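Biologist: Could you take me through the holes in this one? I'd like to hear how each label is earned.

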Amino acid sequence: MRLSELNEPQQQAARQIHGPVLILAGAGTGKTRVITTRIAHLMAKGIMPEKILAVTFTNKAAAEMRERLAKVVPKKRATKATLCTFHSLCVRILRKDIERLGYKRNFTIYAQSDQVGLVRKILARKGTSKDKMDPNMALGIIGKAKNVGAGPEFHDEGSLMRDVHEAYQSALKLQNAVDFDDLLLLAVRVLEQFPAVRTDWASTYSHIMVDEFQDTNNLQMRLLRALGDDHQNVCVVGDDDQSIYGWRGAEISNILDFEAFFPNPTVVKLEQNYRSTTPILHTANSLIRHNRDRRPKTLWSDNPGEEMVRLIGIPDDRQEAEFVVNEIWEQKNVKGLPWEDFAVLFRTNMQSRLFEQSFRAAKIPYRIVGGQSFFDRREVKDLLAYLMLLVNPEDDSALLRIVNTPPRGISDATVSLATEESIHRQSPVANVLMATDFQENLSSRAATAVNAFATLIGNFRYTLSQDPHRYAELTSALIEEIDYVAYIKRVCKTGEEANKREEAIWEFLESMRAHQRGTGKRTLEAFLDEIALASDRDDDDDVSKKKGVCLITLHASKGLEFPEVYLIGLEEGILPHKRSIEEQSSDEERRLLYVGITRAMRRLTISYCISRIKYGDLSPCMPSSFLAELDRLYLESISYEEVMQQPVTQDSAAASFSAMRALISGDSRD
């Protein structure tokens, strides 16, 4: 992409390469194109690729940046720039400097299930019948503390939560492990506490870019300041109108008050939308202007479109699902549109159930964004645990998962005894198992089994150290040595399940081979880091590779686009959610609806129910208060009966819209 191919504001954003820059990029305004062109322009102006850092939130977005950049600059130069996620950047920092915080460089990154298991054990030791606490809830509270840069002191002194947080962090450090939140927290800590480390990393990158800046939290801003305060060549790209992750710690003040962190920035607004039609954008603009704290901007398009935005009230939620499914069927057959053109957007996951049933009944293929990640499968997690133990012998979570998987004669009693003793000795479980005084208390059979397991791990760890770049072959040999395929097939209930699990094992090995053949750091440690970071945000849900009508939550839809969108369930208590109504804070819910509206490219249908089945009874519903905020210029309110009786044809909707547009004079931009 050349500068000449950008519109005027996009060119300004790409050309401004010195000093702080704030690019306010509205939905569908081509921000990825601008980011890529700006990086290429930096290189053209003599900035070395190694000095350029571009950070985003998902691996998918980082990969797209890399692919686009490789098309406009020589691939060799493109690969030298650092284009990555916040978490992978923090891993780079910690792999080099975490020892200053008392950890070893070969630390393990714990997955969610490992964290839950660890907290569950801590709660079992510390909790009482009066103080029952859900481990997931405890982890959420710990994560909230970490996201604001705090430790156990975040909780009330003497409280169970403070005690659990302290024990959790101690256990992680003992096992030379960190969780996802620690990656940011510890990276910021090492940069802020050790000036030499900060100077080293700040001098590594002379130009920094941040995508989706409206989603950054307090720690990410501190990280950015640690790296960019000296040279001030910091360019951030975002849209405060699409800030929908406040519940996850995102600080909208980072983008609203950017000047307070990086003074006198160049501010560029990208407002020309290349995705949606004028009616869709006009409706979106009329909604979002009701938010109190925002940077004013107005999306516009050169595409007048052929459809009004439709608003339909439907008798109940079952008929809402039937209406949407029937109309998609008709649109498919009359207009010949592919199933993938259609998306149904909703506020809560529970709303998808009736739609799934209706799509199944109509034999319409559909895809739900979400579901189990490949790397969350049992057999894959078992193999990952073996590999984590090879890299980090102090990883208790990995050891406890596979110490008797497949069964090798190490009983639960032996493991439980070793776990208790590890807490008492403040030593990893692996060290306890091998301690002479511990083995003296075991039966000769148990001691033999423990030593055989230790020998197995020791031998493979030695093999890895001798040839660290052939980890795929080593893993294949390990699978064969422990006869894992036969084991996993034995524990399956059906032959079909056994085949799927075996296929997953070979697919896992192929993913290792692909990583081994790739560029960059080709080690087992790097492979495990990549998998741990792959759970970041939405990367498990590559919508473009799935087939059928898309059923997707509003939160998950951000960054996506669909020609035909059905925005369902616009009722008070659903959108805005009842929680925001109780807290008298609806701005983020309004932004969420704005995101939903701006996903539509060609046609948008908004629906609400007059009543909804709750707990087996039909309960009345109130239309969303947001509906009253939508300007009616391009919004057509139609009755359910009318739309059910009106046949869908190629020309009917277009003719109706053309007649309406003829009555509208003047510029359609807000």
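What follows is a short chat about cavities and pockets in a predicted model.

Modeller: Sure, ask away.

Biologist: How many cavities of 30 Å³ or more are there, and what makes something a cavity?

Modeller: The count comes to 2 cavities of 30 Å³ or more. Each is called a cavity because a 1.4 Å probe fits there but cannot get out.

Biologist: What is the volume of the largest cavity?

Modeller: About 90 Å³.

Biologist: Which residues line the largest cavity, and what makes them lining residues?

Modeller: R95, F107, T108, I109, M388, V391, E525, L528, D529 and A532. They count because each has an atom within 4 Å of a cavity point.

Biologist: Which element gives the most to that lining?

Modeller: α26, with 4 residues. At least two residues each come from β4 (108–109), α17 (378–391) and α26 (524–533).

Biologist: How does the lining of the largest cavity split by class?

Modeller: There are 6 nonpolar, 1 polar and 3 charged residues. T108 is the polar one, because Thr is in neither the nonpolar nor the charged list.

Biologist: Why is the second largest pocket called a pocket and not a cavity?

Modeller: Because a pocket is an open set of points, whereas the probe cannot get out of a cavity. The second largest pocket has a volume of about 750 Å³. Of its 24 lining residues, M350, I574, R612, I613 and K614 are the closest to its centre. Two or more lining residues come from each of α15 (317–335), α16 (352–361) and β15 (611–614).

Biologist: And what classes line that pocket?

Modeller: Its lining divides into 10 nonpolar, 5 polar and 9 charged residues.

Conventions: Residues are numbered from 1 along each chain as its sequence is written. This is a predicted model: local features need pLDDT of at least 70, side-chain atom pairs count only at pLDDT 80 or more; totals for chains, interfaces and linings use all residues. Side-chain values use heavy atoms; hydrogens and water are left out. On a 1 Å grid over the protein atoms alone, a cavity is a set of points where a 1.4 Å probe fits but cannot get out, and a pocket is an open set with protein on both sides within 12 Å along at least five of seven lines; lining residues have an atom within 4 Å of a point. Grid points are joined across faces, edges and corners, and a volume is the space filled by probe spheres set on the points.
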